[in-house]
Amino acid sequence: MVAPLKVGIAGLGTVGAEVVRQIENQGRLLATRSGRAIRVVAVTARSKAKKRDVDLRGVTWAASPLALANDPQVDCFVELMGGAGDPALTAVETALRNGKSVVTANKALLAKHGVRLAKLAEAHGGALNYEAAVGAAIPAIKTLREGLAGTTIDRVYGILNGTCNYILTRMEQEGLSFEECLKDAQRLGYAEANPSFDVDGHDTAQKLAIIASLAFGTKVAQSAVYVEGISSIKPEDLRAAEELGYRVKLLGVAVRTKTGIEQRVHPTMVPRTSSIAQVMGVTNAVTIDGEGIPPITLVGPGAGGAATASAVVADIADVARGLRVPPFGRPVAKLRKTEKAPMMRHEGGYYIRLMARDLPGTAATIAKRLAEQKISIESIVQRHPNGAPDPIQGRGKRNANAASTLVPVILVTYATSEDGVRQALQAVQRDKVITGRPQVIRIEKN
Ligand SMILES: NC(=O)c1ccc[n+]([C@@H]2O[C@H](COP(=O)([O-])OP(=O)(O)OC[C@H]3O[C@@H](n4cnc5c(N)ncnc54)[C@H](OP(=O)(O)O)[C@@H]3O)[C@@H](O)[C@H]2O)c1
């Protein structure tokens, strides 16, 4: 008889309490699948008095996360408190130093201290499993690290934040503003009271940094990720995207380029027919482009107690099985330094929406500035102020009295450089043929 795996859980919130429940409810199945019983022997949280709706009879209450990490009866320390700093960091480091395995759902901790923690795990022989940190129940980590161990990966990208995808989906389907949809997301509990971590793209950036490391064998580094959020997206951009055959998603993209590994988070136009474009609402997805194989897209719930706990429990089962894999897919010594690919050298198609002055010569000026940067235009559409599209070239006589009339002009470019686009738009702004800031959305082809 193999002794049961003894688990200590720090954090009994949405995820932690559900992990206790699932281990209790799935005990027999887990024991059969992992060849060993799994028992929660000790827990801790901020408040011992809080009612938690889980059965903790016979389970030790540790005085602190650190005490739990030092508890000799615990084989596997499960960190479900969150945050890149203490108490999570010191408790996880202590558990690893004590030779315990660690399971966590904490993307912030991994994105900031992943390499240091992986080194400790390696040195002391414990596992460091974190499947739930990216895409919750979607097995993205295992797929990249183990399922595709023999495949060279060229690009990995995904919808990694349910709040943003929910907002963009509602904006598109109901023609609502960003602000209206954000309020609804907060009311429904999909967005935090302070939503900036989600809507400004930082949550996606943390997750992207983790999967980029697995995909490209580089040291996880959130600071190498270029980040833009979704708050500038307007319903008219989503309408234009639809007419052009695209959908707008907040994507995290990590891709091998001539200038290094590009890691970027920004609103992105994706072809409406692509798998990733079908992912609506709070659902998450990860697409992997591997050499010699068609893209693989994994879709599923990226948050929620039960979904996240299922990945945590699977990681605990791996510990029970005795499975040890390098946390980032290769020994830490073999992880390469992460060079931040300069965003200015990014190459791709661009959607550009300008508020142009309805005056003779405006179109010619815009076209000239783009041509100076060798930007080829795939399409250019000027809208009537009532919203109907009207091809700008060959448009009839302009309204001579319309000196102050503004009309939206939408341009789609062929693949070009970020630097060229920015320079051309700065020149157009200097020419004063447009007002306000141009809206720029990058296009990601299949
Ligand atoms: N919720 C999701 O859908 C989801 C999805 C993917 C990943 N995750 C990750 O899972 C982790 C947990 O998330 P959650 O949603 O379960 O958070 P949560 O509901 O806020 O729960 C946090 C838990 O940690 C405890 N805690 C916080 N600070 C502590 C401290 N200083 N000492 C001891 N205990 C402390 C809290 O204690 P009290 O209960 O006493 O306050 C609570 O039980 C985070 O890393 C999060 O990013 C969550």
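This note goes through the salt bridges and one surface patch of a predicted model.

1. Salt bridges overall. The model contains 24 salt bridges. Three pairs are described below, along with a network and a nonpolar patch.

2. Arg21 and Glu18. These two side chains form a salt bridge, and their closest N and O atoms are 2.7 Å apart. Both residues belong to helix H1, which covers residues 14-25. They are three residues apart there, so about one helical turn separates Arg21 from Glu18. The partners differ in cover: Arg21 has a relative accessible area of 26% and is partly exposed, whereas Glu18, at 17%, is buried. Glu18 falls in the buried class because its value is under the cut-off of 20%.

3. Arg187 and Asp184. A salt bridge also joins these side chains, with an N to O distance of 3.3 Å. Helix H8 (residues 178-187) holds both of them, three residues apart, or about one turn of the helix. Arg187 is exposed, with 60% relative accessibility. Its class follows from the cut-off, because exposed means over 50%. Asp184, by contrast, has a relative accessible area of 17% and counts as buried.

4. Arg145 and Glu146. The salt bridge between these side chains spans 2.9 Å from N to O. Here the arginine is the buried partner, as the relative accessible area of Arg145 is 8%. Glu146 reaches 29% and is partly exposed.

5. The network around that pair. Which residues are linked with Arg145 and Glu146 in a network of salt bridges? They are Lys142, Asp318 and Arg321. The pair in point 4 should therefore be viewed together with these residues, because Arg145 and Glu146 are both members of the network.

6. A nonpolar surface patch. Leu188, Tyr190 and Val282 make up a nonpolar patch on the surface. Together, these three residues have about 250 Å² of accessible area. Val282 sits in the loop that runs between strand S10 (260-271) and strand S11 (283-290). Why can Val282 count towards a patch, with a relative accessible area of 35%? Patch residues need over 30% relative accessible area, and Val282 meets this because its value is 35%. In the three-way classification Val282 is partly exposed.

7. Places to look in the model. For the salt bridges, start at helix H1 with Arg21 and Glu18, then go to helix H8 with Arg187 and Asp184. The network can be found from Lys142, Arg145, Glu146, Asp318 and Arg321. For the patch, look at Leu188, Tyr190 and Val282.

Notes:
Residues numbered from 1 in each chain as written. Predicted model: local features only at pLDDT ≥ 70, side-chain atom pairs only at ≥ 80, totals over all residues. Heavy atoms only, no water. Patch = residues over 30% accessible without salt bridge, like charges linked within 9 Å, V, L, I, M, F, W, Y side chains within 5 Å. Areas by Shrake-Rupley, 256 points an atom, 1.4 Å probe, with all protein chains shown as cover. Salt bridge = Lys/Arg side-chain N within 4 Å of Asp/Glu carboxyl O. Helix = DSSP H or I, 4+ residues; strand = E, 2+ residues; numbered from the N terminus. Buried < 20%, exposed > 50% of the residue type's maximum accessible area, 1.4 Å probe, protein only.
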